[in-house]
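Colleague: I would like to learn how to read a model of this kind, feature by feature. Could you give me the general idea each time and then the case at hand?

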Amino acid sequence: DVFTDKAFCGNPLAVFPEAKGLSDEEMQNIAREMNLSETVFVLPSDKALKKLRIFTPIQELPLAGHPVVGTWNLLANLGVTPQKENGIIEIKQELKLGVLPVEIEFQNNKPFKIVMTQGKFEAREIVSDEKEIEKLAAGLGLEISDLSVRENLPIQVVSTGIKALAVPLASLDAVSRCRINPILLSEVYLAHGAIGCYVFTFETVEENSRIHARFFAPDDNIMEDAATGSAAGSLSGYLVYHQAMDDNKFTIEQGDFMKRPSRIYAEVTGEKRNIEKVRIGGSSIIVAKGEVFL
């Protein structure tokens, strides 16, 4: 369970730490069998400490947040990484997107927090057509008045490696009332090349958080994701890019309305219209282990 320190909270993840010899088809079949938002297969790498291949039940992804955070927590627990009693180490990982750094913070000889650097932030197409926005609201099961679109909070496709449609909502109540129409919602975000829709508000459950969000990707058979590190990274870049936040380090809440509360740490280097780096991190906890028979 990722982006949490409590079992049965956060976002579940399946990790196969020794996946050498599995074919692409076998990996995809296993991911479909796991039926989680993502499943990770760890392989040898000649470019980094390990190569991670990340699959949804439908397709392979170039990058994802909670799979990276959860996998390196597990690999650190298994002794695959260098160890430290207290402090931070940095390793390199190979993803489909490329080679990126990961920081592992140890406390009392155990991995405490994993922080990943994501890909280059991109602010892409803004959705401004009124009829399309009406369709988006209907796809979320909301009214137009539930949206909170303004100049520095547009409905926009953003990316740090995976495109997500960022949608500002007026309140935590509006976020809680999302009841998606999978076909309508998919039509809107797929038309802009996004993999899902990330709704958010500045109203939060906990006082020390800054954003509350929910992620929907029904075209990938993910009706809702409990914690989405890639979308959280894209949203973090978006908020600083549009100067919608007065802080470059903050916590994003997600998963509460699924009864799987998740807390995602975000850190953005940059300023308005100039994002240099996005980092996402959090804790994880191992809850189960087992075997799959091919």
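Modeller: Let us begin with a definition: a salt bridge is a side-chain nitrogen of Lys or Arg within 4 Å of a carboxyl oxygen of Asp or Glu. Please keep in mind throughout that this is a predicted model. Under that criterion, the side chains of Asp 146 and Arg 177 form a salt bridge, with an N to O distance of 2.7 Å. Asp 146 sits in the loop between α3 (130-140) and β9 (155-159), and Arg 177 in the loop between α4 (172-176) and α5 (182-190), so the pair ties together parts that are 31 residues apart in sequence.

Colleague: Are the two partners, Asp 146 and Arg 177, buried or exposed?

Modeller: Asp 146 is buried, its relative accessible area being 8%, whereas Arg 177 is partly exposed, at 34%.

Colleague: How many salt bridges does the structure hold, and what is the general idea behind such pairs?

Modeller: Side chains of opposite charge can pair when their charged atoms come close. The structure holds 14 salt bridges. One of the pairs joins Glu 103 and Arg 279, at 3.3 Å from N to O; Glu 103 belongs to strand β6 (residues 98-107) and Arg 279 to strand β16 (residues 274-282), so this pair ties together parts that are 176 residues apart in sequence. Glu 103 is partly exposed, with a relative accessible area of 22%, while Arg 279 counts as buried at 13%.

Colleague: With which other residue does Arg 279 form a salt bridge?

Modeller: Arg 279 also pairs with Glu 267, the closest N and O atoms being 3.4 Å apart. Glu 267 lies in strand β15 (residues 262-271) and Arg 279 in strand β16, so here the parts tied together are twelve residues apart in sequence. Both Glu 267 and Arg 279 are buried. Elsewhere, Asp 24, Arg 53 and Glu 60 are linked in a network of salt bridges.

Colleague: How should I read the division of the chain into domains, and where do the bounds fall?

Modeller: The chain is divided into domain 1 (14-116) and domain 2 (122-282), and their C-alpha centres lie 24 Å apart. The contact between them takes 20 residues from domain 1 and 18 residues from domain 2.

Colleague: What does a search for disulfides find, and why is Cys 197 not bonded to the closest cysteine sulfur?

Modeller: The idea is a distance test, in which a disulfide needs two cysteine sulfur atoms within 2.5 Å. A search of the whole structure finds zero disulfides. For Cys 197, the closest cysteine sulfur is that of Cys 178, which at 7.8 Å is too far for a bond. Cys 197 is buried, with a relative accessible area of 0%, and Cys 9 also counts as buried, at 15%.

Colleague: What should I look for in the backbone angles?

Modeller: Most residues other than glycine have a negative phi, and most peptide bonds are trans. Asn 35 has a positive phi of about 55 degrees although it is not a glycine; Asn 35 lies in the loop between α1 (24-34) and β2 (39-43) and counts as partly exposed at 49% relative accessibility. Asn 109 likewise has a positive phi, near 70 degrees, and is placed in the loop between β6 and β7 (110-117).

Colleague: Which residues make the nonpolar surface patch?

Modeller: Leu 49, Leu 78 and Val 80 make a nonpolar surface patch of about 220 Å². Of these, Leu 78 is found in the loop between α2 (65-77) and β5 (87-95).

Definitions and conventions. Residues numbered from 1 in each chain as written. Predicted model: local features only at pLDDT ≥ 70, side-chain atom pairs only at ≥ 80, totals over all residues. Heavy atoms only, no water. Patch = residues over 30% accessible without salt bridge, like charges linked within 9 Å, V, L, I, M, F, W, Y side chains within 5 Å. Areas by Shrake-Rupley, 256 points an atom, 1.4 Å probe, with all protein chains shown as cover. Helix = DSSP H or I, 4+ residues; strand = E, 2+ residues; numbered from the N terminus. Buried < 20%, exposed > 50% of the residue type's maximum accessible area, 1.4 Å probe, protein only. Domains from an automatic or database assignment. Contact = heavy atoms within 4.5 Å.
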